[in-house]
Each structure stands twice: as structure tokens, then as C-alpha cells.
Amino acid sequence: MSIVDTEPKYTDEEWGILVGLPQSVLIAASQAESDGTRRTREEWTAGMATIADARGSSSTLVRSVASDVVERQGDVEEGEEPPVIEFPDRDAGLTDVITRAKTAHEILTAKAEPADAEAYRFWLVTVADAVVAAAKTGGVLGLGGDQVTPAERSFRDNLAAALEV
């Protein structure tokens, strides 16, 4: 689906924000805590699977956005491995994602049907939850460590607050 299939009509810039934000949330949630290559890959796979699963959402907006993201990034459910992207400056990247989440919230409040706006906001937090819960941080040989670290929880909570979820 594309911008033309989605009511109400969003500007190209607004649609770009709505489509770009799920993957940005994935990147930020993955980088909230330094986990190492294997764990980061697990987080990315979980995040992209959560995005891909949203193509079956009851929300037209969420379905459209998820379809656009999968079309651009590949479908992990079909064995495509998503590229792992990192922010050049972690703190600035995390802050930018929260700022863009606030902007998305404003766009949704102004233009989306309330049910679509709520579904989209909840979905973004679900993406963050899937990423931060995908791999333990710390521990040795699978023992110990934190499923969700304070830094990951902080990012997730800041995202939820920005989206007013």
C-alpha cells in the first residue's frame, strides 16, 4: 500500500515520518544497551518480525506502514536478513527518535482516525518491547544477565511517554 491508499492523506514528509519511525524505534531500542553482535542480530530479527507481523493489523494505517517498511527493508519471515544499522552518535540518535515520536503523535492527533492513531502508537511500543526482550544483556554462557536493562527500559518508557501510550 502507499500513501494514496491511506486516508486521510498525509503529506510526503508526514508519511515519511510515520513509515521511518518503526525502524528507527527498532534501531534505538537495540542501541539503548550495547549487547554485542549476536544479541543485536537477535534484537533486529525480533523487531523486524514484529514490524512484518503488523501487515495483518486491523488498523489500515498500521497495515500500510508495516507493508511499506517490509517492502523497503525485506521480510525476515521469508528469510531475508535485515541490515543492522547503528546511530553514529548513540545518545543523539536516541534523542532524535523520541523527538520524531512526538512529531508522529502530533501528526496522528491532527490527521488520523483515533483508532488508527492508538493502534500505531501501541504498535511502536510493541516493537520496542520485542527488541529489548529479544536477548539478555550480560551474564556468562546464558546464565544471569538482564532480560531488559535499565537503559532499555528507560528508552521504552520515554517512547511510550512521547507517544502518550
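1. Helix 1 has 20 residues, which at 1.5 Å a residue should span 28 Å, and its end C-alpha atoms are indeed 28 Å apart, so the two values agree; the expected span is 1.5 Å times one less than the number of residues. Helices here are DSSP runs (H or I, at least four residues), numbered from the N terminus.

2. This is a predicted model, in which local features need pLDDT of at least 70 and side-chain atom pairs count only at pLDDT 80 or more, while totals for chains, interfaces and linings use all residues. Residues are numbered from 1 along each chain as its sequence is written, and side-chain values use heavy atoms, with hydrogens and water left out.

3. At Leu 21, helix 1 bends by about 35°, and a proline, Pro 22, follows within four residues; the bend is the angle between axes fitted to the seven residues ending at a residue and the seven starting there. Of the 20 residues of helix 1, 16 are buried (under 20% relative accessible area, 1.4 Å probe, protein chains only).

4. The largest nonpolar core has 46 residues, and among those touching the most other members are Leu 18, Val 25 and Leu 159; such a core joins buried Ala, Val, Leu, Ile, Met, Phe, Trp, Tyr and Cys residues through side-chain atoms within 4.5 Å. Helix 1 gives the largest share of this core, 10 residues.

5. Setting aside neighbours within four places in sequence, Leu 159 is in contact with Val 25, Ile 98, Ala 101, Leu 124, Val 125 and Ala 128, where contact means heavy atoms within 4.5 Å.

Methods: Buried means under 20% relative accessible area, exposed over 50%, partly exposed in between (1.4 Å probe, protein chains only). Helices (H or I, at least four residues) and strands (E, at least two) are DSSP runs, numbered from the N terminus.
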